[in-house]
Amino acid sequence: MSVVYKNTMNAIGKCVPQKFQPLWNHPAGPQTIFFWAPAFKWGLVVAGLGDLQRPANQISISQSSALGVTGVIWTRYSLAITPKNWSLFSVNLFVAITSLYQVSRAIMYQREQEALKEKSAATAKEK
């Protein structure tokens, strides 16, 4: 760890109220990447929630599937490591849920389109 970073964290730590010291000094607390990586990953959840407004025909199944699978994998990993990282768990759970919901929307849309094609083809045959 760099001297500048360590000195900065020590200086900030003196300003942290006593009741927040356990969080501040936690092995997955704000002094570590284990805190900040999940914090910034919430941006993926916000983007996923924004994509709920996107038309289903514009959803990439492969991209959403990949994001969902990695969310599931990292959700499991966050509970397998020591210390357990509940922040990492929660953000990855939400990433997985939003992504897999998008996959289901896209698949339902594709099935509806196939059903419409089959129906129009059957109607055209009858005429």
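How many salt bridges does the count come to? The count comes to one salt bridge. The model is a predicted one.

**The salt bridge**

The pair consists of aspartate 51 and arginine 54, whose side chains meet at 3.5 Å, N to O. Side chains of opposite charge can pair when their charged atoms come close. Neither end of the bridge reaches the exposed class, because exposed means over 50% relative accessible area. Aspartate 51 has a relative accessible area of 27% and is partly exposed. Arginine 54, at 36%, is also partly exposed.

**The largest pocket**

Aspartate 51 appears again in the largest pocket, where this residue is listed with Gly48, Gln63, Ser64 and Leu67 as the closest to the centre among the 16 lining residues. The space in the largest pocket is about 250 Å³. Three helices each give two or more residues to the lining: H3 (33-50), H4 (61-80) and H5 (86-126). Sorted by class, the lining holds eight polar, six nonpolar and two charged residues. Rolling a probe the size of a water molecule over the atoms shows where empty space is left.

Glutamine 63, one of the residues closest to the pocket centre, belongs to helix H4. What is the relative accessible area of glutamine 63? The value is 57%, so glutamine 63 is exposed. Between the C-alpha atoms of glutamine 63 and serine 99 the separation is 8.7 Å, with their positions 36 residues apart along the chain counted as the sequence distance.

**The nonpolar surface patch**

Which residues make the nonpolar surface patch of about 490 Å²? Ile33, Phe34, Trp36 and Phe40 make this patch. Isoleucine 33 is part of helix H3. With a relative accessibility of 57%, isoleucine 33 counts as exposed.

**Other residues in the helices**

Asparagine 10 is found in helix H1, which covers residues 3-15. Is asparagine 10 buried or partly exposed? Asparagine 10 counts as partly exposed because its relative accessibility is 42%.

Alanine 66 is a residue of helix H4. The relative accessible area of alanine 66 is 43%, so this residue is partly exposed.

Arginine 111 sits in helix H5. Its relative accessible area of 59% makes arginine 111 exposed.

**C-alpha separations**

The table sets sequence separation beside distance in space for three pairs that involve these residues.

| Pair | Apart in sequence | C-alpha to C-alpha distance |
|---|---|---|
| Asparagine 10 and glutamine 31 | 21 residues | 9.6 Å |
| Arginine 111 and isoleucine 73 | 38 residues | 28 Å |
| Alanine 66 and valine 4 | 62 residues | 38 Å |

**Recap**

Aspartate 51 takes part in the salt bridge with arginine 54, and aspartate 51 is also among the residues closest to the centre of the largest pocket. Helix H3 gives two or more residues to the pocket lining, and isoleucine 33, a residue of helix H3, helps to make the nonpolar surface patch.

Terms used: Residues are numbered from 1 along each chain as its sequence is written. This is a predicted model: local features need pLDDT of at least 70, side-chain atom pairs count only at pLDDT 80 or more; totals for chains, interfaces and linings use all residues. Side-chain values use heavy atoms; hydrogens and water are left out. On a 1 Å grid over the protein atoms alone, a cavity is a set of points where a 1.4 Å probe fits but cannot get out, and a pocket is an open set with protein on both sides within 12 Å along at least five of seven lines; lining residues have an atom within 4 Å of a point. Grid points are joined across faces, edges and corners, and a volume is the space filled by probe spheres set on the points. Helices (H or I, at least four residues) and strands (E, at least two) are DSSP runs, numbered from the N terminus. Ala, Val, Leu, Ile, Met, Phe, Trp, Tyr, Cys and Pro count as nonpolar, Asp, Glu, Lys and Arg as charged, and the others, Gly among them, as polar. Patches are made of residues with over 30% relative accessible area and no salt bridge: like charges are joined within 9 Å, nonpolar side chains (Val, Leu, Ile, Met, Phe, Trp, Tyr) within 5 Å. Accessible areas come from the Shrake-Rupley method with a 1.4 Å probe; for residues, only the protein chains shown count as cover. A salt bridge is a side-chain nitrogen of Lys or Arg within 4 Å of a carboxyl oxygen of Asp or Glu. Buried means under 20% relative accessible area, exposed over 50%, partly exposed in between (1.4 Å probe, protein chains only).
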